[in-house]
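The following exercises concern sheets, single residues and enclosed spaces in one protein chain. Each task is followed by a solution in steps.

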Amino acid sequence: MAVSRALRRSFSTVSSEPLRVCIVGSGPAGFYTADKILKAHEGAEVDILDRLPTPFGLVRSGVAPDHPETKIVTNQFSRVAQNGRCSFIGNVSLGGSISLAELRELYDAVVLSYGAESDQALRIPGEELAGIYAAREFVWWYNGHPDCRNLAPDLKSSDTAVIIGQGNVALDVARILLRPTTELATTDISDHALAALSESSIRKVYLVGRRGAAQAAFTTKELRELLGIKDLSIKIRQADLSKTPADEEELKNNRIKRRIHELLSKAATPAASVCSPGQKELHFVFFRKPDRFLESDCRSGHAAGLRMERTILKEDVDSGKQIAVGTGLFEEMGCGLVLKSVGYKSIPVDGLPFDHHKGIVPNIQGRVLSEASGNAQVEKGLYVCGWLKRGPTGIIATNLYCAEETVASISEDVVTGVVTSRSGLSKPGRQGLLELLDNRNVKIVPFGSWEKIDNEEQRRGSLKNKPREKLTSWQDLLEVATE
């Protein structure tokens with residue numbers, strides 16, 4: 001909810017000292033939170049920390065390179081960072097450069113919005129084999145994230161890739177594998193990924209899901225874009241598109257799901273599935289769940305396939321939704337590359353309460369709770385926003401509403417005196433943080449230094465008819481930032 005004018009007026013009577021807020025994580029949740037705090041609290045000082053030298057989180061490292069329109073939001077975020085009361089401070093790691101306890105001593109309020117930088121595991125045999133990656137790692141690789149620059153997925157040894165999961169990330173990954181590299185060459189895809197994809201032997205991509213077409217988790221936009229790839233043969237079993245009465249009921253109440261089912265049904269017509277020599281293929285595989293990965297006979301330690309169990313849908317008594325259950329019938333599929341797109345996972349830090357079952361920080365309207373149980377107390381001055389608050393769901397704009405709720409909680413706590421000290425002693429804020437980091441020889445990257453990186457990437461990109469050529473190593477990023 002929006003912060004009322006009355007609440008803003010109340011703040012000015014509580015303390016003459018400026019509100020000092022630290023936000024950890026510079027993705028959409030972090031920047032939306034900063035923007036709303038600056039607007040709601042006159043004189044407030046906001047510092048946005050990130051472990052990377054680059055801001056914008058998943059807008060930079062998660063949004064597909066062929067979706068430039070989605071990245072325009074960084075212009076808005078840049079204006080926030082250039083506000084005189086706001087600072088971006090990159091290359092600062094929570095739990096490494098500084099602890100959460102130290103940040104809480106330095107600031108009136110700390111907002112954690114560092115997202116989800118790990119992955120859900122399938123927990124099936126063979127998951128450790130070479131050639132099996134989290135989709136997040138693959139996305140970071142082609143988007144030039146410095147942590148995955150050296151991922152080097154093998155795209156040459158096999159003509160088949162299997163993607164486990166059928167959400168939008170899975171469709172992004174499939175599109176990058178199947179789209180002509182001549183089209184990708186004019187995007188901001190990383191140079192190392194473009195080179196590898198140009199020499200790729202992958203010709204068949206299987207998108208595997210536990211449930212049916214009526215329950216598909218991707219959006220219409222993503223599906224249209226994937227189905228629209230030039231010279232691509234689409235293959236879907238007709239039986240997988242048949243609808244049960246429960247499916248009909250589910251589709252009747254959801255216009256978007258109905259449209260997705262219609263698009264898949266149209267793509268599955270016999271004429272659409274005819275494949276010419278050398279043509280790439282996209283297979284939608286429904287009602288299958290991974291049972292185990294199969295090891296290669298000739299390459300020890302490498303994945304060579306996947307054993308899947310057929311599933312059927314049954315109504316879950318508690319939720320009323322249709323869930324996939326195994327039938328005891330199995331089949332095998334050969335492949336050389338597996339990408340697991342079954343969900344991102346947040347990582348806790350020392351001193352932060354964490355609900356490992358839900359994968360989030362326990363909270364009420366953004367206020368962090370001391371534990372996930374019913375007896376939890378509110379952690380004074382500690383807040384959460386974004387995926388860390390609600391789980392890895394939603395689109396970029398979802399973080400706007402998420403930030404509104406968290407900032408409203410901060411504002412209420414300011415008015416009631418929960419956040420700011422009534423003793424009149426102000427927290428050191430930015431000055432204290434910079435002194436501490438300097439004493440520890442942490443080489444920070446302020447927004448002005450990020451702009452040097454930004455300019456250099458755009459300069460290199462202009463030489464290749466690309467919007468930018470990303471710097472993809474920590475060394476290169478920090479060297480340019482400190483020039």
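Two strands pair if DSSP finds at least two bridges between them; helices (H or I, at least four residues) and strands (E, at least two) are DSSP runs, numbered from the N terminus. The model is predicted, so that local features need pLDDT of at least 70 and side-chain atom pairs count only at pLDDT 80 or more, while totals for chains, interfaces and linings use all residues. Residues are numbered from 1 along each chain as its sequence is written, and side-chain values use heavy atoms, with hydrogens and water left out.

**Exercise 1. Determine which strands pair with strand 14, and in which sense.**

Step 1. Strand 7 (residues 160-164) and strand 14 run parallel and are joined by four bridges. Within this pairing, isoleucine 164 stands opposite lysine 340 of strand 14.

Step 2. Strand 6 (residues 132-134) is also parallel to strand 14, with three bridges between them. Here alanine 134 is the residue that stands opposite lysine 340.

Step 3. Strand 14 spans residues 337-340, and both of its faces are covered. Leu337 and Leu339 on one side, and Val338 and Lys340 on the other, are all buried (buried means under 20% relative accessible area, exposed over 50%, partly exposed in between, with a 1.4 Å probe and protein chains only).

**Exercise 2. State the strand order of the eight-stranded open sheet and place helix 15 relative to it.**

Step 1. The order of the eight strands is 16-17-18-4-1-2-3-19, and the pairing is mixed. Strand 16 (363-364) and strand 19 (445-446) are the edge strands, each pairing on one side only.

Step 2. Strand 4 (residues 109-112) runs parallel to strand 18 (residues 378-384), with three bridges joining them. Leucine 112 is opposite valine 384 in strand 18.

Step 3. Helix 15 (residues 398-415) packs on this sheet and touches strand 4, strand 17 (367-369) and strand 18. Contact means heavy atoms within 4.5 Å. The direction of helix 15 makes about 150° with that of strand 18; axes are lines fitted to C-alpha atoms, for helices over the stretch in contact, and angles run from 0 to 180 degrees between N-to-C directions.

Step 4. Valine 378 belongs to strand 18 and is partly exposed, with a relative accessible area of 46%. Leaving aside neighbours within four places in sequence, valine 378 is in contact with Arg367, Val368 and Leu369.

**Exercise 3. Describe the three-stranded open sheet.**

Step 1. The strand order is 11-12-13, with antiparallel pairing. Its edge strands, each pairing on one side only, are strand 11 (288-295) and strand 13 (322-334).

Step 2. With direction ignored, neighbouring strands of this sheet are turned by 20° against each other on average.

Step 3. Strand 12 (residues 303-315) and strand 13 share 10 bridges in the antiparallel sense. Valine 325 in strand 13 is the bridge partner of isoleucine 312.

**Exercise 4. Locate alanine 152 and asparagine 465, and give the sign of phi for each.**

Step 1. Most residues other than glycine have a negative phi.

Step 2. Alanine 152 is not a glycine, yet its phi is positive, at about 50°. Alanine 152 lies in the loop between helix 6 (135-142) and strand 7, and is exposed at 56% relative accessible area.

Step 3. Asparagine 465 likewise has a positive phi, of about 60°. Its place is the loop between helix 17 and helix 18 (474-481), and its relative accessibility of 59% counts as exposed.

**Exercise 5. Characterise the largest cavity and the second largest pocket.**

Step 1. On a 1 Å grid over the protein atoms alone, a cavity is a set of points where a 1.4 Å probe fits but cannot get out, and a pocket is an open set with protein on both sides within 12 Å along at least five of seven lines; lining residues have an atom within 4 Å of a point. Grid points are joined across faces, edges and corners, and a volume is the space filled by probe spheres set on the points.

Step 2. The largest cavity holds about 70 Å³. Its lining includes Leu52, Arg60, Asn143 and His145.

Step 3. The second largest pocket holds about 410 Å³. Of its 20 lining residues, Lys71, Thr74, Asp188, Asp454 and Arg468 lie nearest the centre. Helix 17 gives the most to this lining, with five residues.
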